[in-house]
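Reader: Could you take me closely through one part of this model, the helix and the surface it rests on? I would like one connected account that moves from the helix to its surroundings.

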Amino acid sequence: MPIDLLGEIQHFLDQRPNSSLEITFAYLDIHLFNEHKLLNRIVRENAKLRIHAPPSPGMPQMEVLDHLVFQFSFRFGLPTSQFPFESNALGMPRPLARGFLQINTDELDLQFTIEAPDPDLHILVQHCYVNPIHIKQVERQGVAQP
């Protein structure tokens, strides 16, 4: 039975549980661009994200577990029934900037820039998580606030 990704995330956040939601996707397709030219493409199977509900009214946090260099997290707006859901990715750790998140029923897209001192060296990173295959609540661990 297909998983309604946006619906599952909304339901989890509405409950405000003291746990995290771990989502496993069939694959993650990562594209790296510099000045609109594709530099590299990486595909990973069984990629995971973790979502943490805010303890009180506020913005949820998403933790990127499958990454190229370092694990990171960011805050995003509370999902609405608007389809597809779109939000800026806020509080990204430097050198990451200009994050953007889009969630559909079976796909989650995350886009951000890796900034360099020389703007010509900025790298645009696109993460496309496709086909959620497993969703479970896991015990909440210490989460660094971005």
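Author: In this predicted model, the buried residues of helix α1 are Leu 5, Leu 6, Ile 9, Gln 10, Phe 12 and Leu 13. When one looks down the axis of α1, these buried residues fall within an arc of 165 degrees, so they line one face of the helix. The background to such a pattern is that an α-helix has 3.6 residues a turn, so residues three or four places apart point the same way. The partners of the buried residues of α1 are the strands β1, β2, β5, β6, β7 and β8, against which they pack. Just after α1, Arg 16 adopts a positive phi of about 50 degrees.

The strands that receive the helix belong to an open sheet of eight strands, which pair in the antiparallel sense and follow the order β4-β3-β2-β1-β8-β7-β6-β5. At its edges stand β4, residues 72-75, and β5, each of which pairs on one side only. On average, and with direction ignored, neighbouring strands of this sheet are turned by 25 degrees against each other. Helix α1, which spans residues 5-15, packs on this sheet, and its direction makes about 130 degrees with that of β1, residues 19-34.

Within the sheet, strand β7 (residues 107-114) and strand β8 (residues 123-139) run antiparallel and are joined by eight bridges; in this pairing Leu 108 of β7 stands opposite Tyr 129 in β8.

Turning to the edge strand β5, one finds that residues 85-89 pair in the antiparallel sense with strand β6, residues 96-103, over five bridges, and that Glu 86 stands opposite Gln 102 in β6. Strands β5 and β6 form a hairpin with six residues between them, and in the turn Gly 91 has a positive phi of about 70 degrees.

Strand β5 also holds Ser 87, and here the question is whether this residue is buried or exposed. Ser 87 counts as buried, because its relative accessibility is 10%, where the cut-off for burial is under 20%. A polar atom of the Ser 87 side chain lies 2.9 Å from the backbone nitrogen of Gly 77. If neighbours within four places in sequence are left aside, Ser 87 is in contact with Phe 76, Gly 77, Phe 100 and Leu 101, so that Gly 77 appears both in this list of contacts and as the residue whose backbone nitrogen faces the serine side chain at 2.9 Å.

Notes: Residues numbered from 1 in each chain as written. Predicted model: local features only at pLDDT ≥ 70, side-chain atom pairs only at ≥ 80, totals over all residues. Heavy atoms only, no water. Pairing = 2+ DSSP bridges. Helix = DSSP H or I, 4+ residues; strand = E, 2+ residues; numbered from the N terminus. Buried < 20%, exposed > 50% of the residue type's maximum accessible area, 1.4 Å probe, protein only. Polar contact = N/O pair within 3.5 Å; in protein donor to acceptor, adjacent residues only side chain to side chain. Contact = heavy atoms within 4.5 Å. Axes fitted to C-alpha atoms, helices over the stretch in contact; angles between N-to-C directions. Arc of directions from axis to C-beta.
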